[in-house]
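Subject: Structure for your review

Hello,

Here is the structure I said I would pass on. My notes on it follow below the entry.

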Amino acid sequence: MGAAILPDLGAEILIPVCAVIGIAFALVQWVLVSNIKLSPARDASGNSPGAGGGKNGCTDYLIEEEEGLNDHNVVIKCAEIQSAISEGATSFLFTEYQYVGVFMVAFAILIFLFLGSVEGFSTKSQACTYDPFKMCKPALATAAFSTVSFLLGGITSVVSGFLGMKIATFANARTTLEARKGVGKAFIVAFRSGAVMGFLLAANGLLVLFIAINLFKLYYGDDWSGLFEAITGYGLGGSSMALFGRVGGGIYTKAADVGADLVGKVERNIPEDDPRNPAVIADNVGDNVGDIAGMGSDLFGSYAESSCAALVVASISSFGINHELTAMLYPLLISSAGIIVCLITTLFATDIFEIKAVKEIEPSLKKQLIISTVLMTVAIAIVSWIALPSSFTIFNFGSQKVVKNWQLFLCVAVGLWAGLIIGFVTEYYTSNAYSPVQDVADSCRTGAATNVIFGLALGYKSVIIPIFAIAVSIFVSFSFAAMYGIAVAALGMLSTIATGLAIDAYGPISDNAGGIAEMAGMSHRIRERTDALDAAGNTTAAIGKGFAIGSAALVSLALFGAFVSRAAISTVDVLTPKVFIGLIVGAMLPYWFSAMTMKSVGSAALKMVEEVRRQFNTIPGLMEGTAKPDYATCVKISTDASIKEMIPPGALVMLTPLIVGIFFGVETLSGVLAGSLVSGVQIAISASNTGGAWDNAKKYIEVCI
């Protein structure tokens with residue numbers, strides 16, 4: 001069947017080198033952002049910025065007369081607000097991680113007990129699952145190493161989210177200050193900061209996984225099926241922490257958002273992010289803990305799961321059986337190539353093409369998606385050519401399917417291009433530059449009821465093309481390479497994760513920048529620039545969610561295939577009562593989960609509204625701006641509510657498979673998993689796009705008025 005062109009040693013050098021390059025690039029971007037000072041600098045002659053010097057007798061700072069404000073006071077005010085947002089976000093995440101840490105340890109113990117009890121906690125070698133003529137490591141060893149990899153994945157996920165939050169809160173005020181020089185300067189700061197998060201997450205995730213594989217290999221030796229089965233805990237740990245990060249952060253941000261807008265904008269008729277609003281700091285904190293830390297953990301979870309799913313299937317295919325290390329590490333090589341491609345793509349946005357007008361923001365972000373996809377297609381072709389034998393076999397439900405290297409290239413490429421299609425469709429349905437959002441805005445002329453109807457209809461309609469894109473990628477990838485094809489298709493969709501996260505993180509950073517501009521009392525022109533960045537950010541946030549949902553669908557299917565293979569289920573017959581019951585119950589679970597999270601947001605928002613009203617009614621001089629609101633109480637309401645309310649939805653997701661599997665068997669569980677997958681994808685896409693469309697419809701109306 002031939003051998004790979006790239007030697008094993010080459011693969012083992014290339015992967016960590018690419019990861020280190022990604023980390024180094026992230027640090028360079030961070031240094032460039034940190035060059036913007038949050039303290040009023042003075043030149044050698046003692047003049048304040050804006051008083052002369054620099055090119056043509058002017059510094060980079062705008063002169064004071066242009067803004068009508070003292071530059072020194074503006075910078076100090078921005079620094080104070082940034083510090084308050086950063087402290088609030090850090091405090092929340094530390095509190096959240098304490099609770100999540102307890103869960104992580106408890107679930108790790110459960111994993112060890114369940115896996116270890118397979119052979120009665122025996123320490124003797126056992127017959128291999130997929131080859132009974134070979135002896136593999138004992139089940140107790142797999143239980144121990146799976147537990148370690150679960151904890152490793154969970155910690156990496158938590159660190160990814162936390163680093164993202166710290167970077168975003170570091171950059172928000174700097175983006176505001178750069179907006180004084182023009183929209184292009186502010187865009188570059190926001191995008192560079194997003195890139196720091198994207199590259200750190202992609203590179204750290206890859207490096208930790210690679211190191212874990214090599215350390216586990218010291219014990220497992222030639223037992224690759226046992227080795228990569230133990231590695232699957234890495235993906236589970238990442239997804240578990242992402243679940244709690246997403247739910248907790250989401251409840252926090254939406255409760256603060258609803259409370260701030262309902263009382264501030266609707267009842268008191270004050271601008272969004274007005275410093276008189278008691279919930280304004282909580283609102284800006286929420287953008288960071290929900291849309292940055294939550295999304296970072298979320299995409300890391302999908303990335304880790306897709307890598308692990310591909311590695312598990314590969315370990316029982318010819319790659320694992322024949323111990324072909326380079327081909328075995330094909331998923332990691334794809335991710336390594338993705339880091340280099342994203343690095344080149346980022347330079348187009350920050351160094352090659354400069355944004356000079358508001359209308360260029362969205363096209364620039366769209367170019368990022370197109371450039372990264374085109375370059376990544378070439379990179380996938382090269383990696384497939386040098387890392388794979390010309391022909392090999394892939395495990396396919398009990399048999400080995402012969403696959404060519406060009407077929408595997410198509411599997412990854414179809415996932416990559418499906419991601420681009422999902423991104424474009426999401427942009428079309430959530431950007432105020434196109435008719436769907438404009439129609440939603442127009443529907444507001446007759447009241448809130450028609451706005452709700454149009455918004456929901458837009459979300460439901462936006463599901464159609466992404467579902468067909470996912471369906472085509474599933475059909476093509478499964479036809480060529482069975483479940484391994486689906487796993488690498490998901491990896492293809494996430495191969496440009498660094499660029500995807502840069503685009504996604506750019507949104508909340510721009511949103512915070514606008515809030516800081518308003519709270520610092522900067523001119524209307526500055527707020528217009530940050531609003532333009534924010535409007536594009538709402539679209540990019542929806543695009544990021546689209547990538548996360550699409551890749552999660554493919555990853556879930558790949559993991560479902562791994563489950564039915566491991567459970568020795570040859571077919572899932574929907575005519576069997578047990579399976580059909582499981583399908584119905586599984587399809588219901590996303591609605592149950594959504595109901596729990598929405599009610600949690602409603603309860604927290606109710607408390608927030610009451611507190612904001614209380615402060616406006618009882619603090620003399622608050623509306624006049626002569627008294628300061630109590631920001632801390634509102635931050636505490638969101639924190640307490642999200643910590644308390646994130647546990648039940650998380651428990652529902654984590655415990656359902658265990659309970660169903662133990663009491664009703666693997667057939668019913670297979671139905672539950674399939675039903676929840678099919679139902680969850682539809683709800684996720686429609687809800688995400690409806691929210692993004694409503695947000696940008698609001699911005700569209702504000703601009704038109």
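Strands β3 and β4 form a hairpin with two residues between them. One residue of the turn, Phe 397, has a positive phi of about 50 degrees. The two strands, β3 at residues 391-396 and β4 at residues 399-404, run antiparallel and are joined by six bridges. Within this pairing, Phe 395 has Gln 400 of β4 as its bridge partner. Please keep in mind throughout that this is a predicted model.

Two other residues have a positive phi without being glycine. His 323 is at about 55 degrees and sits in the loop between α8 (318-321) and α9 (325-328). Ala 482 is also listed at about 55 degrees, but its place is in helix α15, residues 464-493. As for accessibility, His 323 is partly exposed, with a relative accessible area of 30%, while Ala 482 is buried, with a value of 1%.

On the nonpolar cores: the largest has 192 residues, and Tyr 330, Ile 361 and Tyr 484 are the ones with the most contacts inside it. Helix α5 (residues 183-220) gives the largest share of this core, 23 residues. There is also a second, separate core of eight residues, among them Val 425, Tyr 429, Val 440 and Ala 441. Going back to Tyr 330, its contacts beyond four places in sequence include Ile 380, Val 383, Ser 384, Ala 387 and Leu 388. Leu 408, Phe 409, Val 412, Tyr 484 and Val 488 are in contact with Tyr 330 as well.

Helix α7 covers residues 280-315, 36 residues in total. From first C-alpha to last it reaches 52 Å, close to the 52 Å expected at 1.5 Å a residue. The helix nevertheless has a kink of about 25 degrees, centred on Met 295. How much of α7 is buried? The count is 34 of its 36 residues, so the helix is largely enclosed by the rest of the structure.

A search for aromatic pairs over the whole structure gives 21. One of these is Trp 224 with Phe 228, an edge-to-face pair with 6.3 Å centre to centre and 80 degrees between the planes. Both residues belong to helix α6 (residues 224-267), and because they are four residues apart there, about one helical turn separates them. In general, an α-helix has 3.6 residues a turn, so residues three or four places apart point the same way. Trp 224 is buried at 7% relative accessible area, and Phe 228 is buried at 1%. Separately, Phe 103, Phe 107, Phe 150 and Phe 244 make up one aromatic cluster.

Asp 223 is in the loop between α5 and α6. Its relative accessibility is 10%, so Asp 223 counts as buried. Setting aside neighbours within four places in sequence, Asp 223 is in contact with Cys 136 and Lys 137.

Thr 142 and Leu 115 can be taken together, as they touch each other. Thr 142 lies in helix α4, residues 139-178, and Leu 115 in helix α3, residues 71-116. Which of the two is buried, and which is partly exposed? Thr 142 is buried, with a relative accessible area of 11%. Leu 115 is at 31%, so it counts as partly exposed. Apart from Leu 115, and again not counting residues up to four places away, Thr 142 touches Tyr 220, Glu 229 and Ala 230. Leu 115 for its part touches Ala 139, Ala 143 and Ser 146 in addition to Thr 142. As a link back to the hairpin, Leu 115 and Phe 395 are 280 residues apart in sequence and 23 Å apart in space, C-alpha to C-alpha.

Last, Gly 455 in helix α14, residues 448-461. Gly 455 has a relative accessibility of 0%, so it counts as buried. Its contacts, not counting residues up to four places away in sequence, are Val 440, Thr 690 and Trp 694; Val 440 is also one of the residues in the second core. Between the C-alpha atoms of Gly 455 and Ala 141 the separation is 52 Å, with the two positions 314 residues apart along the chain when counted as a sequence offset.

Regards

Conventions:
Residues are numbered from 1 along each chain as its sequence is written. This is a predicted model: local features need pLDDT of at least 70, side-chain atom pairs count only at pLDDT 80 or more; totals for chains, interfaces and linings use all residues. Side-chain values use heavy atoms; hydrogens and water are left out. A nonpolar core is a set of buried Ala, Val, Leu, Ile, Met, Phe, Trp, Tyr and Cys residues joined through side-chain atoms within 4.5 Å. Buried means under 20% relative accessible area, exposed over 50%, partly exposed in between (1.4 Å probe, protein chains only). Contact means heavy atoms within 4.5 Å. Two strands pair if DSSP finds at least two bridges between them. The expected span of a helix is 1.5 Å times one less than its number of residues. The bend at a residue is the angle between axes fitted to the seven residues ending there and the seven starting there. Rings of Phe, Tyr and Trp (its six-membered ring) pair if their centres lie within 6.5 Å; planes under 30 degrees apart count as stacked, over 60 as edge-to-face and the rest as tilted.
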